[in-house]
Amino acid sequence: MWKASRQLQVGLILFLVVLLIAILANVLSPYDPYYLGDDLLVPPGSEGHPLGTNQMGCDILSMILHGSRASLTIGIVSALISGLIGTLLGAFAGYYGGVLDKITLNEKEIFGIIGESGCGKSTLGRLLIRLEEPTSGEIEFYGVSTKKLLDCNPEQFHCLVQSVFQNPFDTFTPNDTIGAIMERPLKLHHIGETDEERRKICVDALNEGGLIPAESFLERYPHELSGGQLQRISILRSMLLKPKFLVVDEPVSMLDVSVRADIINMLLKLVENHNTSILFISHDISIIRYVSARVAVMYLGNIVEMGETDTIIHHPLHPYTQALISNCASIDLDEKREPIRIEGEPPSPVDPKPCCPFAGRCFCEQEICRREKPQLRHMADGRVVACHLVKEK
Ligand code: SF4
């Protein structure tokens with residue numbers, strides 16, 4: 001961490017310099033900072049007063065050296081007070097259950113969202129890129145509200161945030177060539193000064209995505225390409241603007257199994273090259289396991305379990321996650337698990353009742369589940385789970 005963080009090095013050096021000055025202030029100061037001498041308003045550079053004096057005759061260098069003590073004391077006391085308050089709040093939250101009301105995606109992270117059809121995965125993705133307006137809550141990007149970002153500078157917002165949708169056959173205008181489709185966002189965002197320059201950017205992108213010879217793809221129409229080729233172009237077009245955040249919604253679920261791995265590998269390489277964070281939405285936990293280290297499991301618009309993908313796959317705690325994983329044939333587990341049957345259909349997400357969203361279908365249901373909605377709580381292994389029966393801390 002020390003080697004990686006230049007800010008940490010500079011900060012520590014500055015702190016040590018101030019600390020040294022504060023300790024040696026009495027030795028280094030030529031005068032008592034409160035000494036009212038006879039030399040009023042002596043200019044800087046004068047003999048005995050390298051920084052001059054003020055209108056009271058006090059030596060400015062001595063005042064600065066002694067002032068560093070006050071600054072250091074204020075800094076240390078503030079840090080101690082905020083540390084104490086933070087510790088008390090953390091202890092309080094931990095004792096009373098540590099309810100979580102915030103989800104953070106890290107820089108350059110690929111974060112998985114899993115759940116059955118209709119659970120709200122795609123809606124979450126659309127909310128994050130502001131294709132839909134949230135009814136409550138706040139979505140922030142680098143600490144700034146996405147609503148503010150979009151209102152103040154929509155062009156910049158669309159450069160920073162991009163998406164790739166499930167169906168590549170519906171993504172493009174059928175009457176435009178791939179060249180026109182790829183050059184459009186470049187023109188809109190004033191990238192490349194001439195048509196030749198923009199064409200070169202598109203050719204480089206197609207080459208990077210393995211669509212060779214790139215020039216021939218630019219002249220073709222969407223109906224002349226396979227689903228796999230179209231999805232590659234969809235991903236490459238989204239990455240043309242070098243977004244910092246990409247929502248990828250079931251990118252390979254409509255494609256042949258034979259091309260899925262290639263497309264996912266291409267996506268992973270691109271986001272690594274361009275330092276992009278991804279929200280990767282899928283109903284297939286084996287794909288999520290391959291691409292993301294952290295995953296959130298959704299049910300009926302709620303996150304019911306979230307944590308490290310491998311931990312959740314091997315030791316699911318929430319009954320819905322247990323059922324989901326036990327029914328996933330493509331996942332390779334150490335021990336064989338009997339498939340858990342979930343009875344019935346999910347209830348309507350409109351006008352939700354104040355109970356556990358999984359109540360009525362859960363094989364572990366208790367009386368409390370029907371009258372109280374469980375909150376997400378921290379577990380000892382770092383994950384969070386929303387279930388009344390999961391008590392581990
Ligand atoms: S809270 Fe109750 S109904 Fe909900 S998942 Fe847990 S055990 Fe099942």
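This report describes the fold, core, ligand shell and some backbone features of a predicted model.

**Overall fold and confidence**

The protein contains 14 helices and ten strands. Of its 393 residues, 28% count as buried. Among contacts with a separation of 6 or more, 59% are between residues 24 or more positions apart. The average pLDDT of the protein is 85, and 89% of the residues score at least 70. Residues 94-99 have a pLDDT under 50 throughout, and the model has seven contacts beyond four places in sequence for this stretch.

**The largest nonpolar core**

The largest nonpolar core has 65 residues, and the members that touch the most others are Val248, Ile278, Phe280, Val297 and Tyr299. This core lies between domain 2 (117-282) and domain 3 (293-393), because both give residues to it. Leaving aside residues up to four places away in sequence, Phe280 touches Ile110, Phe111, Gly112, Val248, Ile288, Val291 and Ser292. Val248, one of these contacts of Phe280, is itself listed with Phe280 among the core members that touch the most others.

**Helix α14**

Helix α14 spans residues 319-326 and is mostly covered, with six of its eight residues buried. The buried positions are Pro319, Tyr320, Thr321, Ala323, Leu324 and Ile325. Their cover includes two helices, α12 (285-291) and α13 (309-314), and two strands, β7 (294-299) and β8 (302-308).

**Ligand shell**

Around the ligand there are 14 residues, of which Cys356, Cys362, Cys364, Cys369 and Cys387 come nearest. The shell is made up of ten nonpolar, three polar and one charged residues.

**Backbone features in loops**

Ile212 and Pro213 are joined by a cis peptide bond, with omega about 0°. Pro213 sits in the loop between α8 (195-208) and α9 (214-218).

Positive phi values also occur at His190 and at Glu250, neither of which is a glycine. The table sets out the two cases.

| Residue | Phi | Loop | Other C-beta atoms within 10 Å |
|---|---|---|---|
| His190 | near 55° | between α7 (178-188) and α8 | 8 C-beta atoms |
| Glu250 | about 45° | between β5 (245-249) and α11 (257-274) | 21 C-beta atoms |

Is His190 buried or exposed? His190 is exposed, because 8 other C-beta atoms lie within 10 Å, and a residue with 12 or fewer counts as exposed. Glu250, by contrast, is buried, because 21 other C-beta atoms lie within 10 Å, and the cut-off for a buried residue is 20 or more.

Conventions
Residues numbered from 1 in each chain as written. Predicted model: local features only at pLDDT ≥ 70, side-chain atom pairs only at ≥ 80, totals over all residues. Helix = DSSP H or I, 4+ residues; strand = E, 2+ residues; numbered from the N terminus. Core = buried A, V, L, I, M, F, W, Y, C linked by C-beta atoms within 7 Å. Domains from an automatic or database assignment. Near = placed C-beta within 6 Å. Nonpolar A, V, L, I, M, F, W, Y, C, P; charged D, E, K, R; others polar. pLDDT = per-residue confidence, 0-100.
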